[in-house]
Amino acid sequence: MDEVVSQLQILEEQVLSAAKAVEDKLDEEIAALERLDPDDIEALRERRIQQMRRAAERRAKWRAQGHGEYAEVPEKEFFAAAKASERLVCHFYRDNWPCKVLDKHLSILAKQHVETRFIKVHAEKAPFLTEKLRIVVLPTLAIVKNAKVEDYVVGFDELGGKDDFSTEDLEERLAKSQVIFLDGEGSAFTAKQAAASKRSVRQSDTGNSSDSE
């Protein structure tokens, strides 16, 4: 019992310490703002306006290139898409359950991460491309940066090995390859949801995690 009380006291001290640090930081920022003269405030305002304008222009350019949507492209358009977008995620798929699971997650991420283009290519209709990129297992995600394929996500092995992984699980895996931004002006995603509210597209208790060609 004494040990539990001691642990609670330590936890309380840690929480209070963290709160004090946040409060001190806010005090410093308020003091810094109070020291600014009108010219400084106007300069900051102008700088922020310029930042917002550049961000809006960047988003407009991305959307003109097909960002913000998850769309299928034919084999012959893959290389043009890879050259046009700095960051691209391509889902090589066939008409099976695992690929449909991935489709639903990618549709969500495409809207959240407009800094990256999300596309899909039907592997059986793209023999040249699948051979060139050595696509064997479906589904496979090809992660493309600066017109070069730099990484792959093959099947669901890196997502828990089952089809009940969350959108956030896939998002974190893509972020490890630095093909999407978890935070920042390029992303509509601002904070990760609690585990209880994780999105899941699983609709059955069965299903293979991958399908070999």
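Two strands pair if DSSP finds at least two bridges between them. In this predicted model, that idea helps in following strand E5 (residues 140-145), which has a partner in strand E2 (residues 87-93) and another in strand E6 (residues 148-154). The mean pLDDT of the protein chain is 84, and 83% of its residues reach 70 or more.

**Strand E5 and its partners**
- Strands E2 and E5 run antiparallel and are joined by 6 bridges, and within this pairing Arg-87 stands opposite Lys-145 of E5.
- E5 also pairs with E6 in the antiparallel sense, over 6 bridges, and here Val-144 has Val-149 of E6 as its bridge partner.
- The hairpin of E5 and E6 has 2 residues between the strands, and Asn-146 takes a positive phi near 55° there.

**Burial of E5**
- Because 6 of the 6 residues of E5 are buried, the strand is largely enclosed by the rest of the structure.
- In a regular strand the side chains alternate between the two faces of the sheet.
- In E5, Thr-140, Ala-142 and Val-144 point one way, while Leu-141, Ile-143 and Lys-145 point the other way, and all are buried.

**Helices**
- Helix H2 (residues 38-64) has 27 residues, which at 1.5 Å a residue should span 39 Å, and this agrees with the 39 Å between its end C-alpha atoms.
- After H2 comes Gly-66, whose phi is positive, near 100°.
- Lys-104 lies in helix H4 (residues 97-112), and it counts as partly exposed because its relative accessibility is 35%.

**Where to be cautious**
- Over residues 184-191 pLDDT stays under 50, and over residues 193-198 pLDDT likewise stays under 50.
- Where pLDDT is low, the predicted coordinates should not be read in detail.

How values were computed
Residues numbered from 1 in each chain as written. Predicted model: local features only at pLDDT ≥ 70, side-chain atom pairs only at ≥ 80, totals over all residues. Heavy atoms only, no water. pLDDT = per-residue confidence, 0-100. Contact = heavy atoms within 4.5 Å. Helix = DSSP H or I, 4+ residues; strand = E, 2+ residues; numbered from the N terminus. Buried < 20%, exposed > 50% of the residue type's maximum accessible area, 1.4 Å probe, protein only. Expected span 1.5 Å × (residues − 1).
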